[in-house]
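This briefing concerns the packing of side chains in the structure shown below. Aromatic pairs are taken up before the nonpolar cores and one helix.

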Amino acid sequence: MRRIIIFLAAAAGLGCFGILPASAATSSPPPNATPQAEAEAIIMPSLVYVQGLVSGTVTVPWSDGTQSTYTVNQAPLFSCSGSVVDPSGIILTAGHCADTQSPEIQTAMIDYVYGQLVNNGQVNPSQFAQSSAEQDWTPSTLQLSYQVYSMATSTRVGSATPMSGSIVSGSSQPLGSGGDVALIKVNPQSPLPALAVASGSSPADGTNLVAAGFPGAVTNSGVDVDSLEPTLTPGQVTSTQAFKGYPFIGISATQTQGMSGGPTVSVPGGVIYGTSSWGPGDPNSQQLNFITDTSTVQNELKQFAVSPLDAADRAWRAGIEDYFAGKYREAVPFFNTVLNAMPDDVWAQHYLGLAKQSESSEPVASISKPGSDLPLFIGAGAGLLVLAGGITFLLRHRRRAILEPAPAPAAPVNLTPMAEITREGEYCPACGTARTPGNRFCSSCGVPLRMSS
């Protein structure tokens with residue numbers, strides 16, 4: 001019995017050994033799997049387009065010595081960019097996008113009134129230039145509000161549902177008297193995807209990054225805002241400079257008006273280094289721009305107790321990391337976690353579909369047996385079945401030996417000593433098969449045969 005058990009165990013072992021994978025199953029990353037592409041994928045759901053609405057008055061002096069005051073109520077006069085930094089609806093943007101004393105906002109207010117007066121025939125542009133109005137007219141009592149468009153639910157501004165927003169009181173640090181950051185509060189129907197801010201000190205020169213935002217220069221060129229999508233431009237850290245006592249990071253990424261407040265993020269990683277702030281204003285010098293320093297953003301979020309990333313945000317990052325590493329099966333549950341919290345997240349829906357599609361084409365570990373493509377578990381299952389069947393056979397027979405009565409002893413039989421038989425070379429002593437001359441073992445049962453001396 002011991003021999004049979006050893007044999008069955010060996011057979012099962014050989015069956016398992018025979019199905020060892022020739023090579024581990026591997027997955028290929030997607031074709032666009034670069035650190036920049038991964039960082040861009042991380043940040044896309046958190047980007048927002050910020051439409052600035054201005055209310056206030058503009059006083060217009062006329063050439064005859066009189067003056068008129070015109071009231072403006074929530075006119076959409078400018079645009080900025082931003083990113084969600086708290087799922088409850090906190091938006092990080094540029095301080096000058098929240099500053100009523102900003103020259104850009106005051107000029108936009110004057111230009112708006114000038115355009116209205118030209119359309120009404122009250123001002124002749126050939127006799128009175130817009131540049132003169134910007135110099136002589138006076139805006140006052142300006143107030144700001146916002147329409148914020150989240151890219152979590154749409155890839156274009158026109159398809160996103162606007163959310164009303166207002167400045168978080170005390171958060172605005174204008175460019176001229178602060179680090180040029182501000183926080184806007186919106187009230188979303190469900191949590192918004194948020195971005196993390198880099199920890200530690202500011203990035204060193206040469207660090208790779210991506211600047212993101214919605215360029216206003218594009219819309220000024222005639223592009224429909226409804227079809228506007230985020231622009232992402234790669235670059236590197238070039239230097240750290242001080243402006244009016246505050247540190248700013250120089251970058252080589254191209255930026256333009258409208259991208260103010262948009263995040264500049266790490267490559268790889270997709271964490272915020274700073275927000276787009278200012279540049280030289282020279283179209284020929286677009287490779288020289290500045291973002292707020294990382295410490296400025298860190299202090300702003302700490303001061304206003306902005307919450308860290310929630311479970312859905314962490315799942316999003318983990319899912320994107322797995323997807324771009326070619327681990328499609330691992331990525332699927334992470335994207336499902338995001339969608340459980342944010343069912344309308346179009347980016348989680350998009351990458352979940354890609355992961356499932358790629359998952360179906362992932363290779364399975366192959367059998368080492370030449371020419372066999374059967375799955376790994378078939379050989380293992382066969383070996384286990386052999387072992388189980390053998391053990392069952394032995395147990396049944398052993399039980400039968402225990403339960404059934406032993407047969408009555410047979411009548412004594414006179415046996416010829418094996419030595420005599422083998423010496424004569426005629427028959428096997430065990431089974432009686434005729435011995436073949438020269439064989440050391442019985443050709444029928446395998447019992448050793450003594451050779452004649």
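In this predicted model, Phe243 counts as partly exposed, because its relative accessibility is 24% and the partly exposed class runs from 20% to 50%. Phe248, by contrast, is buried, with a relative accessible area of 1%. The points below place these two residues among the aromatic pairs and then turn to the cores and helix 3.

**Aromatic pairs**

- The structure holds 15 aromatic pairs.
- Phe243 and Phe248 form an edge-to-face pair, because their planes stand at 80 degrees and the class requires an angle over 60; the ring centres are 6.2 Å apart.
- Trp316 and Tyr351 also form an edge-to-face pair, with 6.0 Å from centre to centre and 70 degrees between the planes.
- Because Trp316 belongs to helix 7 and Tyr351 to helix 9, this pair ties together parts that are 35 residues apart in sequence.
- Trp316 and Tyr351 are both buried.
- One aromatic cluster is formed by Trp316, Tyr323, Phe324, Tyr328, Phe335 and Tyr351.

**Nonpolar cores**

- In soluble globular proteins, nonpolar side chains tend to be buried together.
- The largest nonpolar core comprises 46 residues, and those with the most contacts inside it are Leu92, Leu301, Trp316, Ile320, Tyr323, Phe335 and Tyr351.
- Elements that contribute two or more residues to this core include helix 2 (35–43), strand 1 (47–61), strand 3 (90–93), helix 6 (294–303), helix 7 (311–324) and helix 9 (346–359).
- Helix 8 gives the most to the largest core, with six residues.
- Another core, of 37 residues, lies apart from the largest one; Met109, Leu117, Leu142 and Leu309 are among its members.
- Leaving aside residues up to four places away in sequence, Leu301 touches Val85, Leu92, Leu183, Val197 and Val306.

**Helix 3**

- Helix 3 covers residues 103–119, a run of 17 residues.
- From its first C-alpha to its last, helix 3 reaches 24 Å, close to the 24 Å expected at 1.5 Å a residue.
- The buried residues of helix 3 are Ile105, Ala108, Met109, Ile110, Val113, Tyr114 and Leu117.
- An α-helix has 3.6 residues a turn, so residues three or four places apart point the same way.
- The cover over the buried residues of helix 3 includes strand 1, strand 2 (67–86), helix 4 (130–136) and strand 4 (138–150).
- Gly121, just after helix 3, adopts a positive phi of about 80 degrees.

Terms used:
Residues numbered from 1 in each chain as written. Heavy atoms only, no water. Core = buried A, V, L, I, M, F, W, Y, C linked by side-chain atoms within 4.5 Å. Buried < 20%, exposed > 50% of the residue type's maximum accessible area, 1.4 Å probe, protein only. Helix = DSSP H or I, 4+ residues; strand = E, 2+ residues; numbered from the N terminus. Contact = heavy atoms within 4.5 Å. Expected span 1.5 Å × (residues − 1). Phe/Tyr/Trp six-rings, centres within 6.5 Å; stacked < 30°, edge-to-face > 60°.
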